[in-house]
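Me: I should like a close look at a single part of this structure, namely the charged side chains and the pairs they form. Please explain it in connected prose suited to a first-year student.

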Amino acid sequence: MSDKEKLFQERLNRYLTVLECGKPDKVPVGFSVGEWIVKYTDTYLQEIYYDLNKAIEITTQEIDRVLRDLDFDLFRGGPSLWWPPMFDAFGSKLYRFPGFHLPKESTFQYVEAEYMGPDEYDDFIADPTGWLVKNYLPRINEEFAEPGSYRASIALLKSAAAYAMQGNIMGAAAQRWRKEYGLVAGTSGFTKAPFDTLGDTLRGTKGILTDLRRRPEKVLAACEALVPHNIAYAMIGSRGDTTLPCSAPLHKGAYPFLSREQWEKFYWPTLKAVIEGLWAKGKRTWFFAEGDWTPYLDKIAELPEKSIVFVIDTTDAKKAKEILGGRFCLFGGVPTTLLTYGTPQEVKDCVKRAIDELACDGGFVLGPGGVVMGDAKRENIIAMTEAAREYGVY
């Protein structure tokens, strides 16, 4: 076994220990490789988005040139969340990417709209997957406008091939980072809360909020219909892996988007069902609680023990520790805004405080509490990692 493979196993064991709420030799550190890397290169996000190999290359260069001597356990993300050529293959209308629709140094934009009409709930509830194939895909992709046509069939083949290519490139990069740097991936697979699938993707924010008043029973039925769908693609996307948690970015469940009454009625039951369904298959959920979830900590505590990794963004960290600590692994402690606007000393002070409050009895990973923005400062991210090792030894 090579030294890097030994290092990988050491870091993986450290991570698996805290997932079980145990106390390893030191606090694991999660590191986010994201779009912030690009501003330290001589290229633009446009090139990074459209050249996936280039994106992998500059990430690897950054790790090799600047981060090699830093001791962190997990990596999440990459310099590019998207690969536009895959979306171009089927004429996607969902996103705006740098270079064509936006300035070349901009990040992407999502085009939210009501892609499902209020009169289509019944058809969707009867057969969610069939409805998505027959109605949703043609509406959001120009090349699928006529399902079954020669043009649509070719677009389907091209997009499937592009998806496989992207998966292979990203998979090869993860293996390379494991082999050369001993790094562990933080998650595998992806899912969403059914309410977010409905509100983000199909009805849009305005549509879902209107529906809560005008057709609440339809919203409930649609969310319930999505539960098996969201469990299935989580397992399919992770290729059946049950070692690492499945990422679940949660959007419209943060306080105060919904009232407590609405949250308990519309959002929570089916998210809970997805998490419990995955846990029954041995798959833990990365509960990416973006925003403030403090008012709902008591309900989240009802989940099966160790079934989630609760990510602290702007949730009250002390209350999260008090209510969820010991039941679930906690992740975070460093606000992403601090990585952009703070100083290295402020970041180090924050890391010490987070470790003192959250890591005393194990079950904690130190890292950014949200998506690290493109304007984050490299020196702050380095300060976070160095301070975590300085203060995070048990």
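Reply:

**Charged side chains and their partners**

Asp42, Glu47, Asp51 and Glu57 together form a negative patch on the surface of this predicted model. One of these residues, Glu47, belongs to helix H2, which covers residues 45-50. Glu47 is classed as partly exposed because its relative accessibility is 36%, and partly exposed residues fall between the limits of 20% and 50%.

Other charged side chains are paired. The number of salt bridges in the model comes to 27. Three of them may be considered in turn.

The first example joins Asp71 to Arg389, whose closest N and O atoms are 2.9 Å apart. Asp71 is located in the loop between helix H3 (52-67) and strand E2 (74-76), while Arg389 is part of helix H16 (residues 378-391), so this pair ties together parts of the chain that are 318 residues apart in sequence. With a relative accessibility of 27%, Asp71 counts as partly exposed. Arg389, at 14%, counts as buried, because the limit for that class is under 20%.

The next example is the salt bridge of Asp122 with Lys218, in which the closest N and O atoms are 2.6 Å apart. This pair also links distant parts of the chain: Asp122 is in helix H5 (residues 121-126) and Lys218 is in helix H10 (residues 216-237), 96 residues apart. Asp122 counts as partly exposed at 45% relative accessibility, and Lys218 likewise counts as partly exposed, at 31%.

In the last example, the side chains of Lys283 and Asp241 meet with an N to O distance of 3.4 Å. Lys283 lies in the loop between helix H11 (260-280) and strand E7 (285-289), and Asp241 lies in the loop between H10 and strand E6 (246-250); the pair therefore ties together parts that are 42 residues apart in sequence. Lys283 is buried, because its relative accessible area is 0%, whereas Asp241 counts as partly exposed at 21%.

Salt bridges may also share partners. In this way Glu10, Arg11, Arg14, Asp25, Lys26, Asp71, Asp73 and Arg389 are joined into one network. The pair of Asp71 and Arg389 described above thus has both of its members in that network.

For contrast, one may turn to a nonpolar part of the surface. Tyr150, Ile154 and Leu157 make a nonpolar surface patch of about 360 Å². Leu157 lies in helix H7 (residues 150-181) and counts as exposed because its relative accessibility is 59%.

Methods:
Residues are numbered from 1 along each chain as its sequence is written. This is a predicted model: local features need pLDDT of at least 70, side-chain atom pairs count only at pLDDT 80 or more; totals for chains, interfaces and linings use all residues. Side-chain values use heavy atoms; hydrogens and water are left out. Patches are made of residues with over 30% relative accessible area and no salt bridge: like charges are joined within 9 Å, nonpolar side chains (Val, Leu, Ile, Met, Phe, Trp, Tyr) within 5 Å. Accessible areas come from the Shrake-Rupley method with a 1.4 Å probe; for residues, only the protein chains shown count as cover. A salt bridge is a side-chain nitrogen of Lys or Arg within 4 Å of a carboxyl oxygen of Asp or Glu. Lys and Arg count as positive and Asp and Glu as negative; His and the chain ends are not counted. The place of a charge is taken as NZ of Lys, CZ of Arg, CG of Asp or CD of Glu. Helices (H or I, at least four residues) and strands (E, at least two) are DSSP runs, numbered from the N terminus. Buried means under 20% relative accessible area, exposed over 50%, partly exposed in between (1.4 Å probe, protein chains only).
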